[in-house]
Amino acid sequence: MVGKSATESVGGGGGEALDLFLKIGLDERTAKNTVANNKVTANLTSVIHEAAVTDGCDRTVGNLLYTVATKFPTNALVHRRTLLNYITSLKIKSPAQLEAAFIFLTNIASDNLKIDEFEAACGVGVEVSEEDIEHAVDEIFEESKAAILEQRYRTNVGELFAHVRKKQPWADPKVVKKIIDTKLCALLGERTAADNEKPVKKKKEKPAKAEEKSVVEVTAPEKPTEEEINPFSIFPSPDENFKVHTEIYFSDRPVLRACNSKEILEKHLKVTGGKVRTRFPPEPNGYLHIGHAKAMFVDFGLAKERGGGCYLRFDDTNPEAEKKEYIDHIEEIVGWMGWEPFKITYTSDYFQELYELAVELIRRGHAYVDHQTPDEIKEYREKKMNSPWRDRPIEESLKLFDDMKKGLVEEGKATLRMKQDMQSDNFNMYDLIAYRIKFTPHPHAGDKWCIYPSYDYAHCVVDSLENITHSLCTLEFETRRASYYWLLDALGLYQPYVWEYSRLNITNTVMSKRKLNRLVTEKWVDGWDDPRLMTLAGLRRRGVTSTSINAFVRGIGITRSDNSLIRLNLLEYHIRDELNKTAPRTMVVLNPLKVVITNMDAAVMDLDAKKWPDAPADDASSFYKVPFSKVVYIEQSDFRLKDSKDYYGLAPGKSVLLRYAFPIKCTDVVLGDDNETVHEIRAEYDPSKKSKPKGVLHWVSESPPGVKPLKVEVRLFDKLFNSENPAELDDWLSDLNPHSKIVIKDAYAVPSVKDAAVGDSFQFERLGYFVVDPDSSPEKLVFNRTVTLRDNYGKQGK
């Protein structure tokens, strides 16, 4: 019964699984919660069959079996049946013994189990009498008597319990608690009213006044976890890849416990020198997005941290989808992200080896040529039915596969399918396709081939051929792990360590290649590098740096928590954090309103403005010159005809400070014919700077008067979609934000930005961070807003 899948063992029905779990003594609530979790259901069903208790067992045994199903160390799966025998024979009968067994098995992994050491570590055969427990409790009470008498029934019973456990680790916990309670009552007597009162909290002493100069004890900050310091610490070293960490259940054969033999592992380590080898394997059918940035961080980051190397491998198995444009982009953007490939390869580099191994797979009886149509394959898989051609003779499949390779079979008339397990509870074991016929030249391999391998066949084999130590991918591929190891085991190839992590999903955007491609091809956006997209090219054009993206990815961690949606403002926090340190300040007015200073002559003053908030006064490079004349421009939004207490802009009769310049006071307003539209403001400035207005405005001046300031175009980008998760919407395109891009053609800038180059970033004071766009020309600069100044994430708490 070991090889039965969960589905077959319980008849494929949740009701039968529930009955099975109730038979072993689980309470109804636990049993129902278990049935709702497919993974735990499969594990527990397998454990029950391995333990041969399908007809039921004692509740204590059943609870221990449940613990095995949920907590057994995956690197020691070869020893699980042995442990189950100890449980059902009542040699291991307490949670403490079971926990000790887990620790012991974790340490030995798949090595030989030495029974005497195992039994000693788990207390097998050790009987602890009630007298033994009483003696241990008496000793603990004697040692702690003074504290118990002082604290009475507020004594921490958990601490007493822990002390007894140290003396008698295999004692029955229920008996220990009963004896401790009895001893407490005998020592203290019945509870009094005072025992039931809540303890009075001591008032905190007021801190010493500053002038007393008291010594304040500084509490050390909480130390970050090892995983926070090094997110790659969770991954094993290459020489540990002989341990079992994946089980594959079949409906008709024993469980496959995926691991490398010591001979295969030694051969692998000899090739790699024991170093880590990872791979970043994008399919060249589109531009990379921020989700790929996380994949790069994991793949390249692990290799770099361990002193190894990461392949950049183009997964080019589909000749119809790949373009050289995408290949060139991927190679360039990987470098921009700060990663250097160990080697650049293509899956198509291995087409010959993949073909030869497919032939070997047929010879071993693990593959067959099939003639079902795609619709028939889908129907048969849904019904768990075998293809009519599944059991055709091996020689016949070999001949037909050779005909496929020679172009003698029409496209769509045959495929090569792997003979896996059509009755499995994992649909990715339903005889996946290994090869299809496509009479399409390949961008990299040319016209040599008319049959092409599938992803499910090629990626695991190429991982093995390239001696990848850690095959890392996102969680949606977790169900493919069984197929991955099935194929490598069927061919007798080296097996990399496979691990899945949660994919990166960000609010107010879409990241599926299909949806991104539609946005681009239907011109909802301005190309793959549109700054509103979460493509890496789009983020770069928006002014986002690779270092801030990597900081963001590192900050969210390498977790397995699926379905997590990361808020956009967390990414913006990391962008601001970097640009605040690297982007010099300057002044730009988006919607100019003319201000004429009536008490100033036509002279132009050159004033010092700071590039950085904390610019040292003696460092000339930290300042730039800004002209100040009798005609300046402020934002239209910084003027109101009616003032109010909570308003710090300019209004009739009110003063404001022009940043780096002088206070000005509004003395008159020139209105349009409608008597509402403000055309011009008249003001007087205070050259002595004696007035101290609260409001501070950015501005741009004519230099000299009569010559308009430098005109620039500014593009204000906002979130592309209104909903946090537009991908969930049926009509997701209707959720596009119509205000995601606003173009201001005639903004005014200070003269110092006129020589800015494409990619230069600035903080426009009071407006946000901006970058020079490639659309800029010698005649006119174009700026993209990277991010606003407001930091919602910082306010909410990091």
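**Figure 1. Pro704 in the loop between β24 and β25.** Let's start in a loop of this predicted model: Pro704 lies between β24 and β25, and β25 covers residues 710–717. Look at the peptide bond that links Ser703 to Pro704: this bond is cis, with omega at about -5°. As a reminder for this view, most peptide bonds are trans. The strand before the loop, β24, covers residues 700–701.

**Figure 2. An open sheet of 7 strands.** Here we step back to see where β24 belongs. Which order do the strands of the sheet follow? The order is β23-β20-β21-β22-β16-β19-β24, and the sheet is open with mixed pairing. Its edge strands are β23, at residues 696–697, and β24, each of which pairs on one side only. If you are tracing the ladder by eye, keep in mind that strands of a sheet pair through backbone hydrogen bonds, either parallel or antiparallel. Both senses turn up in the close-ups that follow, with β20 and β23 parallel and β20 and β21 antiparallel.

**Figure 3. Strand β20 and its two neighbours.** β20 is made of residues 655–658, and its pairing with β23 is parallel, over 2 bridges. On that side, you can find Leu658 opposite Leu697 of β23. On the β21 side, 3 bridges hold an antiparallel pairing with residues 663–671, and Ser655 sits opposite Lys665. Which residues of β20 form the covered face, and which the uncovered one? Val656 and Leu658 make up the covered face, while Ser655 and Leu657 make up the uncovered face. Leu658, then, belongs to the covered face and also stands opposite Leu697.

**Figure 4. Two hairpins that share β21.** The hairpin of β20 and β21 has 4 residues between its strands, and Tyr660 there takes a positive phi near 70°. β21 goes on to form a hairpin with β22 as well, this time with 6 residues in between. In that turn, Asn675 has a positive phi of about 65°. For context when you check these torsions, most residues other than glycine have a negative phi. The pairing of β21 with β22 is antiparallel and runs over 7 bridges. Lys665 is a handy landmark here: this residue stands opposite Glu684 in β22 and opposite Ser655 in β20.

**Figure 5. β16 alongside β22.** Moving further across the sheet, we reach β16, residues 592–597, which runs parallel to β22 and is joined to it by 4 bridges. Val596 of β16 stands opposite Arg682 in β22. β22 spans residues 678–685, and its pairing with β21 is antiparallel.

**Figure 6. Lys689 and Arg766, two loop residues with positive phi.** Lys689 is in the loop between β22 and β23. Although not a glycine, Lys689 has a positive phi of about 60°. Is Lys689 buried or partly exposed? With a relative accessible area of 38%, Lys689 is partly exposed. Arg766 is in another loop, between β27 (761–764) and β28 (768–772). Its phi is positive too, about 70°, and Arg766 is not a glycine either. Arg766 counts as partly exposed, at 42% relative accessibility.

**Figure 7. Helix α22 under cover.** α22 runs over residues 481–491, and 10 of its 11 residues are buried. Among them are the aromatic residues Tyr484, Tyr485 and Trp486, along with Leu487, Leu488 and Leu491. Arg481 and Ser483 are also buried. Just past the helix, Gly492 takes a positive phi of about 70°.

**Figure 8. The whole chain, for orientation.** We close with the setting for all these views: a protein chain with 27 helices and 29 strands. Its radius of gyration is 36 Å, well over the 28 Å that the globule rule gives for 798 residues, so the chain is more spread out than a compact globule. Along its principal axes, the C-alpha trace spans about 100 × 95 × 50 Å. Buried residues make up 49% of the chain. Of the contacts with a separation of 6 or more, 70% come from residues 24 or more positions apart. The chain exposes about 40,000 Å², with carbon and sulfur atoms supplying 49% of that area. There are 112 positive and 123 negative side chains, and the centres of the two sets lie 4 Å apart.

Conventions
Residues numbered from 1 in each chain as written. Predicted model: local features only at pLDDT ≥ 70, side-chain atom pairs only at ≥ 80, totals over all residues. Heavy atoms only, no water. Pairing = 2+ DSSP bridges. Buried < 20%, exposed > 50% of the residue type's maximum accessible area, 1.4 Å probe, protein only. Rg over C-alpha atoms; globule rule 2.2 N^0.38 Å. Contact = heavy atoms within 4.5 Å. Areas by Shrake-Rupley, 256 points an atom, 1.4 Å probe, with all protein chains shown as cover. Lys, Arg positive; Asp, Glu negative; His and termini not counted. Charge placed at Lys NZ, Arg CZ, Asp CG, Glu CD.
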